[in-house]
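Work through the exercises below with the model open. Try each task before you read its solution.

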Amino acid sequence: MKDVYERLLAAASLRSADGAIRITAHYEPLAGVGTPVSPPTVKGKETNAAAHLVEPRYVDGLETQVVLLDQPQSQANRCETALLDAVRRQTAFIPHLEMVTESLGVPVRMTSLEAPHRSRDAYFRDSVDGAGVVFDATEPGMALRDACPGDMSGYLRLAPSDLAYGAWDSHRKRRIQVKIPRAYRSEMIGIKPLAGVRGAGRFDRLNLAGETVQLTETGWIPSPAEKPKAGVKRARMSELGHGMIPPSEGLGGVSVTSVQRSASLSLAKLAMLRFGPVSDELTQAARALVAAIALLGDRLAFAAPALHLRSGCELLMVSERIDWVQRGRDGEPVLDALELSTHEEALELFEIARDRAHDAGVQWASEPLILHPNPSLQQAIDKSYVIAGVGEAESE
């Protein structure tokens, strides 16, 4: 791994022939090729009904229909979740923000490795430190808020994963917002999808009647014979979890010839990172450290032999290769294998990068930055834990 690190150190500053790192993997459904898999569902633009994302792409030089099984945002989230799991197992430590509170006796935590907008999320904007100071007015808050393309040292110290996966400070009203493009990108597609259908319904052994009932603050009561008063909420029993729902045709899974994952780490993007008026040695070591974080997240999330994307989408890895992508020759990029197939190897690479960065002068937090919600956010969190009667299901 020391040789890999030295190559990464030069590559992350574009001081070698390497321009990127690519990961290409092929999967098949756990039950075998042809078994339907479940893509994420979206609201169709034209029909306003549930749909899958299908588009034409070039695959092996031929125009081919593909279905999106996992978007880049989701793949990045899987890497971040894997990094957070490693932190909690004390396998590795990545600096991050952590909002900590309690609601109705239930511990509540939100980290910048989970929040929708990472360290720039509204959860942290609406939090305070242990002394009650608004986060954005604290030294760490200002370091993140005032970062600029010429100085990302605040992110390197407090939330370095943001430099790998990208961040946008869109929740703070100002003319100049911090925008960090992602350096790591990954997605998964299914090739030549055939759309399926499914029958959705529910069987009730007691065959309760699906009549309309009246909702109350504590639950529901049978509807009185007389006409209900204005403003009284009503619902069918099937909407409350009782009774029969006749099966009806719905959006099903898709059958594909293969599943491909394509990931890349942009060394050109890493070479753009600046950390203020520091030595060239520190800058290069910091870029390599961000690269090592991205590779560690990828290996922790995707190096296993099987992958669970969502219910109905369990995949088995068939093949995988990781390559240094070098300057092209005779019209084709030159690929050189990068031996980093396991998360243990990626962890070793990360530890080397972390130690070298420390020796070069990189300042890194050793503990998460703990914050607490302000009263307004706490009140909003509390409402999420209050049971306010029975729930109405949108569908079964």
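**Exercise 1: A salt-bridge network**

Glu 187 counts as buried, at 10% relative accessibility (buried means under 20% relative accessible area, exposed over 50%, partly exposed in between, with a 1.4 Å probe and protein chains only). This is a predicted model: local features need pLDDT of at least 70, side-chain atom pairs count only at pLDDT 80 or more, and totals for chains, interfaces and linings use all residues. Residues are numbered from 1 along each chain as its sequence is written, and side-chain values use heavy atoms, with hydrogens and water left out.

Task: Find which residues are joined with Glu 187 into one network by salt bridges that share partners.

Solution.
- Step 1. Recall the term: a salt bridge is a side-chain nitrogen of Lys or Arg within 4 Å of a carboxyl oxygen of Asp or Glu.
- Step 2. Look at Arg 185. It forms a salt bridge with Glu 187, and the closest N and O atoms are 3.9 Å apart.
- Step 3. Check the exposure of Arg 185. It is partly exposed, at 37% relative accessibility.
- Step 4. Follow the shared partners. The network joins Glu 55, Arg 57, Arg 185 and Glu 187.

**Exercise 2: A link across the sequence**

Task: Say which parts of the chain the pair Arg 15 and Asp 280 ties together.

Solution.
- Step 1. Find the contact. The two side chains meet in a salt bridge, 3.0 Å from N to O.
- Step 2. Place the residues. Arg 15 lies in the loop between helix H1 (2–11) and strand S1 (18–29), and Asp 280 lies in helix H8 (residues 280–302), so the pair ties together parts that are 265 residues apart in sequence. Helices (H or I, at least four residues) and strands (E, at least two) are DSSP runs, numbered from the N terminus.
- Step 3. Check exposure. Arg 15 is partly exposed at 48%, and Asp 280 is partly exposed at 41%.
- Step 4. Set the pair in context. The whole structure holds 21 salt bridges.

**Exercise 3: A buried pair**

Task: Is Asp 298 buried or exposed? Which residues does Asp 298 touch?

Solution.
- Step 1. Locate Asp 298. It is in helix H8.
- Step 2. Read its accessibility. At 0%, Asp 298 is buried.
- Step 3. Find its salt-bridge partner. Arg 299 pairs with Asp 298, with the closest N and O atoms 2.7 Å apart. Both residues are buried.
- Step 4. List contacts (heavy atoms within 4.5 Å). Leaving out residues up to four places away in sequence, Asp 298 touches Ile 23, Cys 79, Tyr 184, Arg 261, Ala 263 and Ala 303.
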